Amino acid sequence: MAMAKLKSAGAFLAGISLLLGGACGNPQGGGPSQSVTKGGTLTLAIWQEPSSLLYPFYSNQTVANLTSELAIEGLVRIAPDGSYQPVLIKDNPTQQNGDVKISSDGSKMDVTYHLIPNLKWADGAPFTSADVQFTWKVFVTDPKIVSRAGYDSISSVDTPDDLTAVVHYKEIFSPYLGRFLQVLPKHALASISDISKSDFARMPFGTGPFKFTENQSGDHITAVKNPNYRVPGKPNLDRIIFRVVPSREAAIAQLEAHEVDAMWNLLESQQPTIKKHTDLTLSRVAGPSVERLEFNLAKPGNPADPSVPHPVLGDPAVREALLLATPKQRIIDKLLNGLATPGNSPLSIGVFAPKDLKQASYDPARAKQLLDQAGWVPGADGIRSKGGVRAHLSISTTTGDKIREEVEVVLVDEFKGIGIELEVKNYPSSVLLGSWSGGSPRNRGNYDITMYASSPDPDPHTTLVSRYTTSGIPTTANNGVGFNYSRFSSSQVDQDLADAGHTLDVPRRQKDYADALKVLNDSYIAVWIYNRSALDAFSAKVGGWKPNGWDNLTWDTQDWFLSKS
Amino acid sequence: MSAPTDVAAGLPAALPPPDAQEWEVGASDSLWRLTLRRFLAHRLAVISLLVLALIVLAVLAGPLLSPYDPNKPELDDIFLGPSPAHPFGTDSVGRDLLTRVLYGGRISLLVGTLAVTVAIGLGVLVGAVSGFLGGVVDVVLMRFVDVMLSFPRLFLLILASVFLRDTLPSVLIIILVLGTLSWMGVARLVRGSFLSLREREFIEAAKAAGTRNRHLVLRHLLPNAMAPIIVAATLGVATAIISESTLSFLGLGIQPPTPSWGNMLKDAETDMMDAPWVAVFPGLAIFLVVVAINFVGDGLRDALDPRHVQRRRE
Amino acid sequence: MVLFAGRRVLQALPLLLGVTFVAFLMINAVPGGPLSAYENNPGITPQDIQRLQHTLGLDQPIWIRYLQWLRHFLTGDWGYSYAAHRPVLTMIGERIGNTLLLMGTVYVITLLIAIPIGLFTAVRQYSRADYGVTFLAFAGLSMPTFWLGLLLIIVFGLGLGIFPLGGMSTPGASFDLFDRLHHLVLPVATLSLVGVAHYTRYLRASTLEVLTQDYIRTARAKGLAEEVVLLRHAFRNAALPLVTVAALDLPELFAGALVTEQIFGWPGMGRLFWDSATRSDYPVLMGIVTVSATMIIAANLLADLVHAWLDPRVRPH
């Protein structure tokens, strides 16, 4: 996927971070109000095992990210409000402060990072600009790197002195601030030919509050306090042990039995178990993930031809009726214990989330009326048809996801109520979410309705372009590139998103996105069912944590502590 | 433990070979009566057969009597405990659990019996061909059996179900997977009895009399190898039901919303702490049926293998 | 005897080759593939996927990949995990000890409990005690393992709080034998219950068979004490098929018990297989299947040899 490229030069590279302020993050106090205590070992249950601790270099798993974050820091990090915060640099490079320079012809840009002096790696070696350069080199030369996106837009990294790194981009690259979220120590890795196979990949250290000392496959991973951490007196804890458990259920049980002090990622339906215990706390924060039903507007095929409309879903009245027959609030209240909010667009939080955009709420009577008006006539069994086409649709989601399966049960019942027959046809996630060449029904357009969640980055431009513009429709011609699974095409959306890509003027981008998203909603290409929250749980004796919807629960482990009780 | 602990090892291969009885045509009437009498002497087996009959009846007729639709959610009735209105309670979307256990029973029993039918069919075919023809055919077929038996069974089940999983309805996949991976024991069994029967006098006599091969196999060899096959088949149904639940637990079994006892248990995993009944009843159903089948199998073994009973008379 | 053994070993080699080939085909036929986890991520470009495919050698035809795997395998190079980038041999090595500990304990405990019970129920066939034990044995056989395991966790772990809920050791503690045994209790109990049930039934049947034989009658007729008859004559002969069955169960010591390991978070081979299967980690899967198949074939061989050794009638001339 081509990353967003800003074609025209001009005074648009305003620092996103400055303007992203004020995004909602639903921050909630973490842990008890006791005073901070030092020392102790905290055990955190994870129900997946990270395949590598060098995220995102050799793994793109969330769990790899949340473990590796303890040790590996970046030049910046994402704050709870979705803005980029300087970590190892003095300030974010922006055009205003002169650290971002556009070439005179407007085709390239240079980004200058000023490192904070006297920073050390966990082993005591100095942190310098050579490490920044090395990190880029690893990204673009190591064949096992999972994704080079963004780093392959860099032509070179200069190191005029130990504290200055100048990154030369081959093109205008607007999400530049999101690069170098992780940096690697050159002195430890330069002589290793295959880093992915090295011990460092299993027990890395960096500039973060902890460093890894033990990694027992299938059992636990241990990180101990980094003695050279840049903040004096931090971290509070001596040690964090990640305990690899087989399932969320096992994690909760171990939390209840105090075998672990915290757990990563639980389901909404598991909240009552946590609530039963006064000594457990649920951490809940709105995240960017939006669960949706996406409609295939093209006639299903393998691959689908986007120019041939879907026999049933091709009718906007049917799509609107399906929206009106989806009881979002009841799903949230009854199946998710009220721990989500009804969705209105694919952007739920952040500065670019449209504030005034709403999707119509549950109204099956109106749905039936719409279908009647559109000529869909109920048959003897109550299922409608029109011109010999029966209103029969299939819904596909990932197998083994209990909440999604429950939502399907509700939808089958509700849709039947308005005369539309829904058949469940789920696929394993590796198939449904797989690739064009792997025959994924979603990529190939071989489905009617699909249900899944997606989380855009703080800067949603790439996601929106790849999902909703005409060029994002996967076809044989473009080798299946793109994420526009609905096969939706609107010249206005194309235009709005192109406009947004040519400016960094945030209010203007906000308007462009809002306009585009309104077209999506008016075309009923999807039902935004609910906005998910990130749910984690802590024992009440753990203090100092703060939720961060844009990052993982481990983003601030230096502040965590165990109160003595 | 020979039942590999997790998924029991398919159809038992290690049954004692058929012995002494020569169930020749004509003599069979009294032999069956004798067998029946021996079976009836096994009290637990008889009780189990009755229990099994009751369960099958309930599963077939019950859903017709239930006022609930097994797939209709009632979001206001989530996790109701057992009560007169819902004797087994309701599940995470408010469906009546009793109705679902009955419907699930249809699926689980269907999967169990059909999988065994497939396994027995394949096993008898391969075993008969191998045992009757002998020679190169026998060597090739038995080496193939060896290869199949050299995989850990659960690994094979997992790989096969993953491989097939989006090609067919999951009920069919599970039947095929369980059936096509459980025939090896039966094949060895049938081959073994054919080999030993081939040498017996009455077969020699039939051969000498010019009996045609098909007739020989169907009328003389197969009936005489029946006893262990019947026992293996009975116990195989129990194994298949457990295997289905294990595959469901791993997410590879019958896919929702079609209920099976296995996937109901899988579903219950998240909720069993707060609503134990969602786990108790499907679990109990599996337990009852499998215990009953095992007893019936045991009774059949005793009945079909008279040596066990002799001892009792001493 | 040596000749017999040698011939059987030679026969086993092509069998093993066949198993690895069939396994390779099956593993590669599974839809999705090792890179499917990346394909849904807008941050990972098709160029990235293509490059990774090439790096892992996945762009080659399957038979070439099989031959390459075989060639490397024969020279002791089992390859590297696609996901963890670690040598397959190391990964299996880490797990096989844990699995041996779990399954070995189960094996020993199972036999220690099952043998006396099996003998007892045979001698007292159709007694009240026989019915009781038979019922318990069938009850043990009739529960899905995961169900039994979860039950034990809920009752003894969460409810009574006597045993840890999972894992192999208390996190953060240094090695401690008692701690290890403490963690072993529930998974061993889960697996042993099924095992005991199975062996008890088996031994009961084979003892019953032996008890009807003429030499037992003769021994009894000679006025030997019943204990002597049972232990010296009956058990020794009844144990013969048991040895075979026990030998055939040996491979499980290495293959592990996937479901039990999964439920109790035991870091053994079964879980490694499952984790690798869910992410199509071909090299690891091939390693595990080959190890398990070798063990199964070897156990069959062993069973045959023991059988031949104990019972000269089956020994070929």
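Biologist: Let's start with chain A: how many helices and strands does chain A have?

Modeller: Chain A has 16 helices and 22 strands. Keep in mind that this is a predicted model.

Biologist: What makes the radius of gyration of chain A agree with that of a compact globule?

Modeller: Set the two values side by side. For 565 residues, the rule of 2.2 Å times the number of residues to the power 0.38 puts a compact globule near 24 Å, and chain A has 25 Å, so the two agree. As for its spans along the principal axes, the C-alpha trace covers about 80 × 65 × 40 Å.

Biologist: And how much of chain A is buried?

Modeller: A residue counts as buried with 20 or more other C-beta atoms within 10 Å of its own. In chain A, 57% of the 565 residues pass that test. Looking at its contacts with a separation of 6 or more, 71% are between residues 24 or more positions apart.

Biologist: There's a little sheet in chain A with β14, β15 and β16. Why are β14 and β16 said to stand at the edges?

Modeller: The order is β14-β15-β16, an open sheet of 3 strands with antiparallel pairing. β14 (377-378) and β16 (389-390) of chain A each have a single partner strand, so one side of each has no neighbour in the sheet, and that makes them edges.

Biologist: How do you know that β15 and β16 of chain A pair?

Modeller: Count the bridges. Pairing takes at least two, and β15 (residues 384-386) has 2 bridges to β16(A), in the antiparallel sense. They therefore count as paired. You can find A:Lys386 there, opposite A:Val389 in β16(A).

Biologist: On to chain B. What kinds of elements is chain B built from?

Modeller: Helices: there are 12 of them, and 0 strands. Of its 314 residues, 55% count as buried. Among contacts between residues at least 6 apart in sequence, 73% join residues at least 24 apart.

Biologist: Why does B:Ala85 count as exposed or buried?

Modeller: Exposed means 12 or fewer C-beta neighbours within 10 Å. B:Ala85 has 12, so it falls on the exposed side. You'll find B:Ala85 in the loop between α2 (43-65) and α3 of chain B. From B:Ala85 to B:Phe202 it is 117 residues in sequence and 63 Å in space, C-alpha to C-alpha.

Biologist: Which helix of chain B has the lowest mean pLDDT, and which the highest?

Modeller: Helix α12 (residues 307-313) of chain B has the lowest, at 39, while α3(B) has the highest, at 93. For chain B as a whole the average is 81, and 87% of the residues score at least 70. The pLDDT is under 50 over residues 307-314 of chain B, where the model has 13 contacts beyond four places in sequence. Where pLDDT is low, the predicted coordinates should not be read in detail.

Biologist: And how confident is the predictor in chain C and in the complex?

Modeller: Chain C has a mean pLDDT of 84, with 96% of its residues at 70 or more. For the complex, the predictor gives an ipTM of 0.86 and a pTM of 0.87.

Biologist: What makes α12 of chain C largely enclosed by the rest of the structure?

Modeller: Use the burial cut-off again. In α12(C), 8 of the 10 residues are buried, so the helix is largely enclosed. Among them are C:Met269, C:Leu272 and C:Phe273, and also C:Arg271 and C:Asp275. Just after the helix, C:Ser280 takes a positive phi of about 50°.

Biologist: How many residues does each chain give where chain C touches chain A?

Modeller: Chain C gives 44 residues and chain A gives 45. On the chain C side, the largest share, 5 residues, comes from α2(C). That side divides into 20 nonpolar, 16 polar and 8 charged residues.

Biologist: How many residues are in contact between chain B and chain A?

Modeller: There, 18 residues of chain B are in contact with 22 of chain A. The chain B side has 7 nonpolar, 5 polar and 6 charged residues.

Biologist: One last thing: which residues touch the most other members of the largest nonpolar core?

Modeller: In that core of 326 residues, these are A:Leu44, A:Ala45, A:Met263 and B:Val186. Helix α3 (residues 97-133) of chain B gives the most to this core, with 17 residues.

Notes
Residues numbered from 1 in each chain as written. Chains lettered and ligands numbered in written order. Predicted model: local features only at pLDDT ≥ 70, side-chain atom pairs only at ≥ 80, totals over all residues. Contact = placed C-beta atoms within 7 Å. Helix = DSSP H or I, 4+ residues; strand = E, 2+ residues; numbered from the N terminus. Nonpolar A, V, L, I, M, F, W, Y, C, P; charged D, E, K, R; others polar. Core = buried A, V, L, I, M, F, W, Y, C linked by C-beta atoms within 7 Å. pLDDT = per-residue confidence, 0-100.
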